Amino acid sequence: KSGDLYEKSKQIMPGGVNSPVRAFRSVGLTPLFIKKAQEARIIDMDGKEYIDYVGSWGPLILGHAHQQIVAEIKRAAKDGISFGAPTEREYLLGKMLIEALPSMEVIRLVNSGTEAVMSALRLARGYTGRDKILKFAGCYHGHSDGVLVRAGSGALTLGHPDSAGIPKDYAQNTLVAAYNDGEQLERIFRKYGNELAAVIIEPVAANMGVVLPKVEFLRRLRELASLFGVLLIFDEVITGFRISYGGAQGYYGIRPDITVLGKIIGGGMPVGAYGGSREIMKMVSPEGAVYQAGTLSGNPIAMAAGIKTLEILKATPELYEQLELMGNELETSFHNLGQKYQLPVKVNRLGSLLSLFFSDHQVVDYKTAMQADSSLFTRYFRYMLQAGIYLAPSQFEAMFISGAHTQQDLIETLASVEQSFQKITANAPH
């Protein structure tokens, strides 16, 4: 049924999907169409069940169809789907977010991480009166024009459009630097510091696979941004409330000027947010001159799901300890099995956020991530899918562990990993 639906969908949607990675092209397969899900399991249109490590790309830290969250969604829906007017739930969720992340004194709720990033960058430009921004190769911040750029051929170059439809003149206001490269960072700020409105970063990169930051790199970034009057934006769309209840900024003790959130703060519903100090946020319309609006911003159903999600996370701090233990078990087992079957396995992990790379080198930035063996990953992915383990269909994405995963799920997963490694080794070209 998935195959039939995919063929039909290709007639009315680009590539048959509404977001590119769903097409499974990097692994050469037909995508699964999902019928339903519960806790840590998903079921496709053909009725096959899988242990899910995608979790809607991160937000489902409590698992699929959590009973309390579903109940809140139903309760909110009975009151009305959308009003395009303020509700108490917007205030309640906003207050919870501000209490959890002290860097945010004032918050604006939007509908997606992409929208939040776009708005945060506009705010930074409006606040500083500058045009240029700095991002890091391999960090993904949604598909708005200013951040959908790639580095040029030099070590430090102006950005070039990474998509058709982006004016070169616009993209050239974006500088692209190497993640974790402190020396290059110093050179950039010496040359461009007074022209930069903002520097935006995933404090824990999760879109070139998981790449952990060097703490001294993040700290120096904070210092340089302050020194040159540049606003530091933490894109915590993935890390917010997943790395810890206080996000990556709470985990590392580094305070950004603007924080971008998404996914998890709506319990999996479409949502995003950006926020910062009162001084910065007063620039946002209707208080200030930086315009941003959205009819569905603060949607009451998404707010209800987000409030309940955060209530549960705040009330159960032991959940993060549980996720750390499960993540550590997977990481250790991946390494041990890689050694057992003489496969070039490297694992990057922080808490419940994890990536397995097939690489001879430690993965510390975009360049080393791209050196990973994608063809080996494709074989691994196919074997795992056949065994009923649903992973992100790309070497350069993350695994997400949820509180709904059980010890039995981990046992089944690692048995499948070992079987997959055995098949890879047995079928390796000689």
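**Exercise 1. Pairing around Arg41**

Find the bridge partner of Arg41 in E3, then place the two strands in their sheet.

*Solution.* Start with the residue pair in this predicted model: in E3, Arg41 is bridged to Ile51. Next, widen the view to the strands. Strand E2 covers residues 41-44 and strand E3 residues 49-52, and 3 bridges hold them in an antiparallel pairing. Now step out to the sheet, which is open, has 4 strands in the order E1-E2-E3-E16 and shows mixed pairing. At its edges are E1 (34-38) and E16 (389-390), each pairing on one side only. Finally, look for what lies across the strands: helix H14 (residues 407-426) lies across E2, E3 and E16, and runs at about 100° to E3.

**Exercise 2. A sheet of 3 strands**

Work out which strands of the sheet E14-E15-E17 stand at the edges, and why one side of each is left without a neighbour.

*Solution.* Begin with the order: this open sheet reads E14-E15-E17, and its pairing is antiparallel. E14 (345-350) and E17 (399-400) each have a single partner strand, so they stand at the edges with one side free of a neighbour in the sheet. Then check one of the pairings: E14 and E15 (residues 353-358) run antiparallel and are joined by 6 bridges. Within that pairing, Arg349 is opposite Leu354 of E15.

**Exercise 3. How H3 meets H10**

Describe the geometry of the contact between helices H3 and H10, then its make-up.

*Solution.* Take the axes to begin with. Those of H3 (residues 88-100) and H10 (residues 300-315) come within 9 Å, crossing at roughly 35°. The crossing of H3 past H10 is left-handed. Now list who takes part: H3 supplies residues including Leu92, Leu93, Met96 and Leu97, while H10 supplies, among them, Met303, Ile307, Leu310 and Lys314. Sorting the contact by class gives 9 nonpolar, 1 polar and 5 charged residues.

**Exercise 4. Inside the largest nonpolar core**

Identify which residues touch the most other members of the largest nonpolar core, and follow the contacts of Phe241.

*Solution.* A helpful background point is that nonpolar side chains tend to be buried together in soluble globular proteins. Here the largest nonpolar core has 65 residues, and the ones touching the most other members are Leu97, Phe241, Leu313, Leu330, Phe334, Tyr380 and Phe421. Zoom in on Phe241: leaving out residues up to four places away in sequence, its contacts include Ile61, Leu97, Gly247, Ile264, Leu310 and Tyr320. To finish, note another core lying apart from the largest one; this core has 42 residues, including Leu196, Val211, Val230 and Ile243.

Notes
Residues numbered from 1 in each chain as written. Predicted model: local features only at pLDDT ≥ 70, side-chain atom pairs only at ≥ 80, totals over all residues. Heavy atoms only, no water. Pairing = 2+ DSSP bridges. Core = buried A, V, L, I, M, F, W, Y, C linked by side-chain atoms within 4.5 Å. Buried < 20%, exposed > 50% of the residue type's maximum accessible area, 1.4 Å probe, protein only. Contact = heavy atoms within 4.5 Å. Axes fitted to C-alpha atoms, helices over the stretch in contact; angles between N-to-C directions. Left-handed = near helix turned anticlockwise from the far one by under 90°. Nonpolar A, V, L, I, M, F, W, Y, C, P; charged D, E, K, R; others polar.
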